[in-house]
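Hi everyone, thanks for coming along. I'd like to walk you through one protein model today, so please bring it up on your screens and follow with me.

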Amino acid sequence: MRTSLMRRRTVLAGLMMLSTAMAIMPAAAQDKPHIKLGFIGPVSGGNAQQGLGARNGFLLAIEQANAADYPYQVEPVALDDASDPQTGVGAALKLVNDPDVVAAIGHWNSPVALATMPVFHRSQMPMIVWGAISPQITQQNLPEITRVTPTLVAENHPLADWAATGLGAKKIAIFADTSDYGTANSQAFDGFFTEAGGEIVAKELFPVGTVDFRTALTKLRDASPDAIYFGGVIAEAGILRKQMAEVGLNIPMIGISGFYDPDFIALAGPAAEGTMVSYPASQSNPKLEKMNADYAARAFSEPTSPYTKYAYDATNILLAVIREKGIDDKVALAEAIRAISYDGVLGTTTFDENGQTRIEVTIEIKEVRDGAWTDHKK
């Protein structure tokens, strides 16, 4: 009898707690259907700063939607890909196998994006790429995949022109990794720099994870290049720059924004000085300024990264099409993303027939001076 009474009291206490929680929750939130949106990016490892800033942009967009008159209560699901294709595929499978996940944004690394795209395609789940820039991503024209970032081709072209004119380089050696990202960078820069009247005096491709470039760098001294272009990302870039100094190759190293990161400076140490990269120029507008102010007010543990704004707009594009089309037809959502004209922090985003953003790229040059990335001064 006493046991039965205790059980009844426990049940009643639980019901009272539930009733209290429901009373505290805004009535509008109680009435809204619940959905999930996914994020995948590197939030651990050497590229974590890029992924954490993007993840926070994703979270900020969702928090703002939930606080406003949005027709759904949106739960964010943020997953780590650790810059690893296999880990990324596991994260993608987790999202597509969750019936509450409607759509996702993903990836800083191109090899990871290329690995997960078939997963989203098979499930017909829309996924907007917020960071990865390999041309192959949108060249495949999978209807579920769109991208708000420019391709590496769009960034290499103005960089090559600047190298030939602004930097005044006549001869450049190319170093890159053998990933899709690295080989595409090396091909793009080679073609554009040659068109601009320059000469590629050497091209060296190394596996991802290479830690010793000294032999190739020593051999390169006889070719007397004016600069080295590096077509990879942060870890190898830092090692390469440090070893350039070790072998006495005191020439500039340039590249696109793949290693525009404080970790590059930490890896290269004092040798990082003078390294220059291109970066899509910031186009200030009231919406971008507001996002930055809201981000600061939110007091995330991490600062913004160059990709915060891309993830923020990608998330808001998903939110916009879900508001318009609902959640029952993922094919309709993917089609609506391709057809959208979205006025956001990046400017007006529209997509071409392959799902690639049409926003034109102008670049600014960033340079390491006194141990920090700064605006390059001519």
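Before we start, one term: by a pocket I mean an open set of grid points, on a 1 Å grid over the protein atoms alone, with protein on both sides within 12 Å along at least five of seven lines. And please keep in mind that what you're looking at is a predicted model.

So, let's go to the pockets. The largest one has a volume of about 450 Å³. Its lining is made of 27 residues, and those nearest the centre are N47, S83, W108, N109 and V233. If you'd like to find the elements around it, α5 (110-123), α10 (234-246) and α11 each give two or more residues to that lining. What about its chemistry? By class, the lining of this largest pocket has 14 nonpolar, 10 polar and three charged residues.

Now turn to the second largest pocket, with about 360 Å³ of space. Here 20 residues form the lining, and Y260, Y279, T304, S305 and P306 lie nearest the centre. The elements giving two or more residues to it are α3 (48-67), α11, α12 (286-298), α13 (308-325), β13 and β14. Which of them gives the largest share of the lining? That's α12, with three residues. By class we have nine nonpolar, seven polar and four charged residues in this lining.

There is an enclosed space too. The count comes to one cavity of 30 Å³ or more, and about 60 Å³ of space lies in the largest cavity. Around that cavity you'll find I133, T149, P150, E155, S257, Y279, P280, P306, Y307 and Y310. Sorted by class, the cavity lining has seven nonpolar, two polar and one charged residues. You may recognise Y279 and P306 in that list: they are also among the residues nearest the centre of the second largest pocket.

Next, the sheet. Seven strands make an open sheet with mixed pairing, in the order β7-β6-β8-β9-β10-β13-β14. Why do β7 (199-206) and β14 (372-375) each have one side without a neighbour in the sheet? Because they stand at the edges, and each has a single partner strand. From one strand to the next, the twist averages 30°.

Let me zoom in on two of the pairings. Strand β8 (residues 227-230) runs parallel to β9 (residues 253-255), over two bridges, and there I228 stands opposite M253 in β9. Strand β13 (residues 363-369), on the other hand, pairs with β14 in the antiparallel sense, over four bridges. Within that pairing, E367 has T374 of β14 as its bridge partner. These two strands form a hairpin with two residues between them, and D370 takes a positive phi near 55° there.

Last stop: please click on F264, which sits in helix α11 (residues 262-268). Is F264 buried or exposed? F264 counts as buried, because its relative accessibility is 0% and the cut-off for buried is under 20%. Leaving out residues up to four places away in sequence, F264 touches I234, A237, G238, R241, M253, F259, A272, T275, V368 and W373. Notice M253 in that list of contacts; M253 is the residue in β9 that I228 stands opposite. For a sense of scale, F264 and P135 are 129 residues apart in sequence and 24 Å apart in space, C-alpha to C-alpha.

That's my tour. Thanks for listening!

Definitions and conventions: Residues numbered from 1 in each chain as written. Predicted model: local features only at pLDDT ≥ 70, side-chain atom pairs only at ≥ 80, totals over all residues. Heavy atoms only, no water. Buried < 20%, exposed > 50% of the residue type's maximum accessible area, 1.4 Å probe, protein only. Contact = heavy atoms within 4.5 Å. 1 Å grid on protein atoms, 1.4 Å probe; cavity = no way out; pocket = protein on both sides within 12 Å on 5 of 7 lines; lining within 4 Å. Points joined across faces, edges and corners; volume = space filled by probe spheres on them. Nonpolar A, V, L, I, M, F, W, Y, C, P; charged D, E, K, R; others polar. Pairing = 2+ DSSP bridges. Axes fitted to C-alpha atoms, helices over the stretch in contact; angles between N-to-C directions.
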